[in-house]
Amino acid sequence: MSRTDDIRAAALELFTGRGYESTTMADIGAAVGIRGPSLYKHVASKQDVLAQIMTGTMQALIDLHHEAVATTTDPTERLRRATEAHVRYHARHRLEAFVGNREIRSLEEPHLSEVLAMRARYEAGFRALIDSGVAAGRFRVTSARLASYAVLDLGMGVAVWFREDGEITEDAVVWEYGEFALRLVGAKD
């Protein structure tokens, strides 16, 4: 792990526990054993660290979505795979999900616009999957946009409650949430 990765990981922990506004660069430096001023050799600002966390999270989600749907044209299977990738990411990256949702208000321009555009692109990917299922007569929903929001909320909710040592395994949660998404869009066999 690079020093920049260490800084990002420490900031993620601190932003989750204390919040962005209550975390100082000195706090981040102390967490990785670097004096505050030396931290600036590795990162430009606290705002840039937050932006890196949020854009990195969104890019990972977008990439996973594309990988999930790349090998099939079946609308049902594509939505299942995309939902499973979304849920699995949130089960494994709870801190990123927490900071991404809570600290969007702390982002400044141009970072805010960049993250919001990435979020819109990600949601549009789910909406397109749902629209294609509706067009093929495989899904039945009144609003593909609302259905896509509901599917996205499934994964974000997992980030709140899922624990690796809990009674339900990650694979079981991922599979069941894939089923929930298909029911949500009225998938037909």
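Of the 189 residues in this chain, 46% count as buried. The model is a predicted one, and its chain holds 9 helices and 0 strands. Here is a friendly tour, topic by topic.

**The overall picture**

- Read along the sequence, the pattern is α-α-α-α-α-α-α-α-α.
- The C-alpha atoms fill a box of roughly 60 × 40 × 25 Å, taken along the principal axes.
- If you look at contacts between residues at least 6 apart in sequence, 72% of them join residues at least 24 apart.
- The chain exposes about 9,700 Å², and carbon and sulfur atoms supply 53% of that area.

**Helix 2 and its two sides**

- Helix 2 covers residues 25–32, and its buried residues are Met25, Ile28, Gly29 and Val32.
- Seen down the axis of helix 2, these buried residues fall within an arc of 100 degrees, so they line one face of the helix.
- Turned away from that buried side is a face of helix 2 that carries the exposed residues Ala30 and Ala31.
- After helix 2 comes glycine 33, which has a positive phi, near 75 degrees.

**Aromatic rings**

- A pair of aromatic rings is described by two things: the distance of the centres and the angle of the planes.
- The count for this structure comes to 4 aromatic pairs.
- One of them joins tyrosine 122 and phenylalanine 126, which sit edge-to-face at 5.3 Å centre to centre, with 80 degrees between the planes.
- Where do tyrosine 122 and phenylalanine 126 lie in the chain? They are in helix 7 (residues 111–135), and because they are 4 residues apart there, about one helical turn separates them.
- Both tyrosine 122 and phenylalanine 126 are buried.
- Tryptophan 161 and phenylalanine 162 make another pair, with ring centres 6.0 Å apart. Their planes meet at 75 degrees, which is over the 60 degrees needed, so this pair is edge-to-face.
- The partners in that pair have their own surroundings: tryptophan 161 is partly exposed, with a relative accessible area of 40%, whereas phenylalanine 162 counts as buried at 2%.
- A ring can also have a charge over it: lysine 46 lies over the face of tyrosine 20, at 4.2 Å from the ring centre.

**Salt bridges**

- Side chains of opposite charge can pair when their charged atoms come close.
- How many salt bridges does a search of the whole structure find? It finds 14 salt bridges.
- Arginine 8 and glutamate 96 meet through their side chains in one such bridge, at 3.9 Å from N to O. This pair links distant parts of the chain, with arginine 8 in helix 1 (residues 3–17) and glutamate 96 in helix 6 (residues 94–102), 88 residues apart.
- Is glutamate 96 buried or exposed? Glutamate 96 is buried, with a relative accessible area of 11%, while its partner arginine 8 is partly exposed at 24%.
- Glutamate 77 and arginine 81 form a salt bridge too, at 3.1 Å from N to O. They are 4 residues apart in helix 5 (residues 75–92), so about one helical turn separates them.
- Glutamate 77 counts as partly exposed, at 27% relative accessibility, and arginine 81 counts as partly exposed, at 26%.
- Arginine 88 forms a salt bridge with aspartate 171, the closest N and O atoms being 2.9 Å apart. Here, too, distant parts of the chain are linked: arginine 88 is in helix 5 and aspartate 171 is in helix 9 (residues 170–184), 83 residues apart.
- Arginine 88 is partly exposed, with a relative accessible area of 24%.
- Salt bridges that share partners join Arg88, Arg92, Glu170 and Asp171 into one network.

**A second look at glutamate 96**

- Which residues does glutamate 96 touch, not counting residues up to four places away in sequence? They are Arg8, Leu12, Thr57 and Tyr89.
- Arg8 in that list is also the salt-bridge partner of glutamate 96.

**A cis peptide bond**

- The peptide bond from glutamate 109 to proline 110 is cis, with omega near 5 degrees.
- Proline 110 lies in the loop between helix 6 and helix 7.

Notes
Residues numbered from 1 in each chain as written. Predicted model: local features only at pLDDT ≥ 70, side-chain atom pairs only at ≥ 80, totals over all residues. Heavy atoms only, no water. Phe/Tyr/Trp six-rings, centres within 6.5 Å; stacked < 30°, edge-to-face > 60°. Helix = DSSP H or I, 4+ residues; strand = E, 2+ residues; numbered from the N terminus. Buried < 20%, exposed > 50% of the residue type's maximum accessible area, 1.4 Å probe, protein only. Lys NZ or Arg CZ within 6 Å of the ring centre and 35° of its normal. Salt bridge = Lys/Arg side-chain N within 4 Å of Asp/Glu carboxyl O. Arc of directions from axis to C-beta. Contact = heavy atoms within 4.5 Å. Areas by Shrake-Rupley, 256 points an atom, 1.4 Å probe, with all protein chains shown as cover.
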